[in-house]
Amino acid sequence: METPRILSIQSHVVCGYVGNKSSVFPLHLHGFQVDAINSVQLSNHTQYANVKGQILKAQDVTDLYDALKANNLNHYDYVTTGYVGDPSFLETLARTVTDLRTKNPDIKYVCDPVMGDNGHFYVPEALLEVYQTSIVPIADVLLPNQFEAEKLSGMTIN
């Protein structure tokens, strides 16, 4: 049996353990081959008062994925996504997952639609519409917290 391959598109922080920094190593330990694309590189979690770093844009993920594809390295069994800081990046991510499905129709897409918590967004609110229209319809598994589930569904959860 071949080693299952995962494309993980999530955040990276210098200080702390979220996104790719917290998921890649445990997945490797469980026998997965994980290729990581960092959606952002930030100093720390966005709930801190001061955050600095880079937020990748659509062209950044396009360039990375196109190179993987040109080298025939885009064979994945799973895609996981988490924090994204830019709506254009998220739209491109949806196209990337759709393209990966042409290579492997059985690929599973697991999405944590990281947008906020405790009643507050910590990403641009414009991401909500992209999640609703482009990501939710193609995800096999969604892992929202209560705040995110309420925003995605337009319903209050008590």
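These legends accompany close-up views of a predicted model.

**View 1. Six strands make up an open sheet.**
Follow the strands across the sheet and you meet them in the order 3-2-1-4-5-8, with mixed pairing. Strand 3 and strand 8 stand at the edges with a single partner strand each, so one side of each is left without a neighbour in the sheet. Strand 5 and strand 8 run parallel and are joined by two bridges. Here you can find V110 standing opposite V141 in strand 8.

**View 2. Strand 1 is mostly covered.**
Of the nine residues in strand 1, seven are buried. Strand 1 runs parallel to strand 2 (residues 33-42), and eight bridges join the two. To find your way along this pair, look for Q10, which stands opposite N38 in strand 2.

**View 3. Helix 1 has its buried residues on one face.**
Which residues of helix 1 are buried? They are G19, N20, S23 and V24. Looking down the axis of helix 1, you would see these buried residues fall within an arc of 105°, so they line one face of the helix. A general rule helps here: an α-helix has 3.6 residues a turn, so residues three or four places apart point the same way. The cover over the buried residues of helix 1 includes strand 1 and strand 2. On the face turned away from the buried side, F25 and L29 are exposed. After helix 1 comes G31, whose phi is positive, near 95°.

**View 4. Helix 4 also has a buried side and a face turned away from it.**
The buried residues in helix 4 (126-135) are L127, L128, V130, Y131 and I135. Seen down the axis of helix 4, they fall within an arc of 165°, so they line one face of the helix. What lies over them? The cover includes helix 3, strand 5 (108-111), strand 7 (120-121) and helix 5 (146-153). E129 and T133 are exposed residues on the face turned away from the buried side.

**View 5. The largest pocket is lined by 16 residues.**
This pocket has a volume of about 210 Å³. Among its lining residues, Q10, L27, T80, V110 and L143 lie nearest its centre. Two or more lining residues come from each of strand 1 (5-13), helix 1 (19-29), strand 4 and strand 5. Which element gives the largest share of the lining? It is helix 1, with four residues. You may recognise Q10 from the view of strand 1, where it stands opposite N38, and V110 from the view of the sheet, where it stands opposite V141.

**View 6. A salt bridge joins D86 and K57.**
The structure holds four salt bridges, and this view shows the one between D86 and K57, whose closest N and O atoms are 3.5 Å apart. D86 lies in the loop between strand 4 (78-81) and helix 3 (87-103), while K57 lies in the loop between strand 3 (53-55) and helix 2 (58-70), so the pair ties together parts that are 29 residues apart in sequence. Are the two partners buried or exposed? D86 is buried, with a relative accessible area of 11%, whereas K57 is partly exposed, at 42%.

**View 7. K69 and D99 form a salt bridge.**
The closest N and O atoms of this pair are 3.0 Å apart. K69 is in helix 2 and D99 in helix 3, so this salt bridge links distant parts of the chain, 30 residues apart. K69 counts as partly exposed, with 40% relative accessibility.

**View 8. R101 and D140 meet in a salt bridge.**
From N to O, the distance between these side chains is 2.6 Å. R101 lies in helix 3, and D140 lies in the loop between helix 4 and strand 8 (141-142), so the pair ties together parts that are 39 residues apart in sequence. Both R101, at 22% relative accessibility, and D140, at 40%, count as partly exposed.

**View 9. A149 is a residue of helix 5.**
What does A149 touch, leaving aside residues up to four places away in sequence? Its contacts are P144 and I157. A149 and V18 are 131 residues apart along the chain, and their C-alpha atoms are separated by 20 Å.

Definitions and conventions. Residues numbered from 1 in each chain as written. Predicted model: local features only at pLDDT ≥ 70, side-chain atom pairs only at ≥ 80, totals over all residues. Heavy atoms only, no water. Buried < 20%, exposed > 50% of the residue type's maximum accessible area, 1.4 Å probe, protein only. Arc of directions from axis to C-beta. Contact = heavy atoms within 4.5 Å. Pairing = 2+ DSSP bridges. 1 Å grid on protein atoms, 1.4 Å probe; cavity = no way out; pocket = protein on both sides within 12 Å on 5 of 7 lines; lining within 4 Å. Points joined across faces, edges and corners; volume = space filled by probe spheres on them.
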